Amino acid sequence: FFIADAVGHGMPAALLTLFLKRALTCKEIASSGYRLLGPHESIGRLNDAMVDQNLSPSTFATAVYGVIDTRSLEVSFACAGHPSPALLRQDSLKSLSARGGLLGLFPGEIYVPTNISMQPGDRLVIYSDGVEVAFTGDLDDQSPQAGIGDERWRAELLDRRHLSTEQMLVEFSKRIDDETGSLSPRDDLTLIVLEIC
């Protein structure tokens with residue numbers, strides 16, 4: 001799984017997103033075959049490719065990239081300034097810790113891999129910061145309560161944990177529309193839920 005969020009809106013952000021999609025390298029090819037890169041390596045190479053473009057210092061992106069081993073149910077991922085995925089397990093929604101700087105600012109940035117073991121029934125929630133923004137209402141980023149959107153969306157998702165994943169997403173989407181309206185959101189948003197059956 002891979003989510004990237006380019007700074008800004010419009011054509012410049014769209015072009016940057018296209019670059020990020022094409023520049024993500026997931027394997028290294030050698031004469032003896034190939035090896036899959038760890039998510040932290042892929043994100044590191046993506047950062048270096050973006051730095052090599054010599055873009056404006058105000059041009060950057062966030063990303064999360066991960067790999068799921070469907071046999072062992074092990075998940076490995078790395079974040080570049082992006083919100084860390086969350087694990088929905090039974091009655092809790094726990095943020096998974098991941099560290100790494102924004103893409104495109106510092107050459108040679110180190111991205112630390114995070115590994116977790118999934119269990120049947122677990123759901124991995126991968127999202128962009130637009131989900132948090134949708135639940136901040138009229139608060140601006142400087143408000144002392146600006147972080148309240150993070151708590152609110154988590155509570156809304158947790159309240160729907162008894163539903164199937166598909167129904168949970170449908171209901172959550174309706175809740176977002178009730179909060180911000182579907183025609184004029186404050187930020188673009190992405191929410192992906194991966195369920196271990």
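So, of the 197 residues in this chain, 39% count as buried, where buried means under 20% relative accessible area, exposed means over 50%, and partly exposed is in between, with a 1.4 Å probe and protein chains only. Before I go on: this is a predicted model, where local features need pLDDT of at least 70 and side-chain atom pairs count only at pLDDT 80 or more, while totals for chains, interfaces and linings use all residues. Residues are numbered from 1 along each chain as its sequence is written, and side-chain values use heavy atoms, with hydrogens and water left out.

Okay, the overall picture. We've got five helices and ten strands; these are DSSP runs numbered from the N terminus, with helices being H or I of at least four residues and strands being E of at least two. Now take contacts, meaning heavy atoms within 4.5 Å. Among those between residues at least 6 apart in sequence, 63% join residues at least 24 apart. As for the outside, the chain exposes about 11,000 Å², and carbon and sulfur atoms supply 52% of that. That area comes from the Shrake-Rupley method with a 1.4 Å probe, and for residues only the protein chains shown count as cover.

Let's zoom in on Ser 128, in the loop between β9 (123-127) and α3 (130-134). Is Ser 128 buried or exposed? Buried, because its relative accessible area is 3%. Leaving out residues up to four places away in sequence, Ser 128 touches Asp 5, His 82, Pro 83, Asp 188, Leu 189 and Thr 190. With Thr 190 there's a nice detail: a polar atom of the Ser 128 side chain lies 2.9 Å from the backbone nitrogen of Thr 190.

Asp 5 and Asp 188 come up again in the second largest pocket, whose lining also includes His 9, Phe 60 and Asp 129. By class, that lining has four nonpolar, three polar and four charged residues. Here Ala, Val, Leu, Ile, Met, Phe, Trp, Tyr, Cys and Pro are nonpolar, Asp, Glu, Lys and Arg are charged, and the others, Gly among them, are polar. The pocket's volume is about 150 Å³.

Next stop, Met 118, in the loop between β8 (114-117) and β9. Met 118 counts as buried because its relative accessibility is 6%. Which residues does Met 118 touch, not counting those up to four places away in sequence? They are Leu 73, Val 75, Leu 87, Arg 89, Arg 123, Leu 124 and Ile 196. Look at Ile 196: Met 118 and Ile 196 are 78 residues apart in sequence, but 7.3 Å apart in space, C-alpha to C-alpha.

Another of those partners, Leu 73, sits in the loop between β4 (61-69) and β5 (74-80). Leu 73 has a positive phi of about 65 degrees, although it isn't a glycine. Gln 90 also has a positive phi, near 50 degrees, and is a residue other than glycine. You'll find Gln 90 in the loop between β6 (86-89) and β7 (92-95), and it counts as exposed because its relative accessibility is 69%.

Last one: Leu 169, in helix α5 (residues 165-180). Leu 169 is partly exposed, because its relative accessible area is 26%. Setting aside neighbours within four places in sequence, Leu 169 is in contact with Leu 191 and Val 193. Leu 169 and Leu 157 are twelve residues apart in sequence and 8.5 Å apart in space, C-alpha to C-alpha.

Methods: On a 1 Å grid over the protein atoms alone, a cavity is a set of points where a 1.4 Å probe fits but cannot get out, and a pocket is an open set with protein on both sides within 12 Å along at least five of seven lines; lining residues have an atom within 4 Å of a point. Grid points are joined across faces, edges and corners, and a volume is the space filled by probe spheres set on the points. A polar contact is a pair of N or O atoms within 3.5 Å; within protein, one must be able to donate a hydrogen and the other to accept it, and residues adjacent in sequence count only if both atoms are side-chain atoms.
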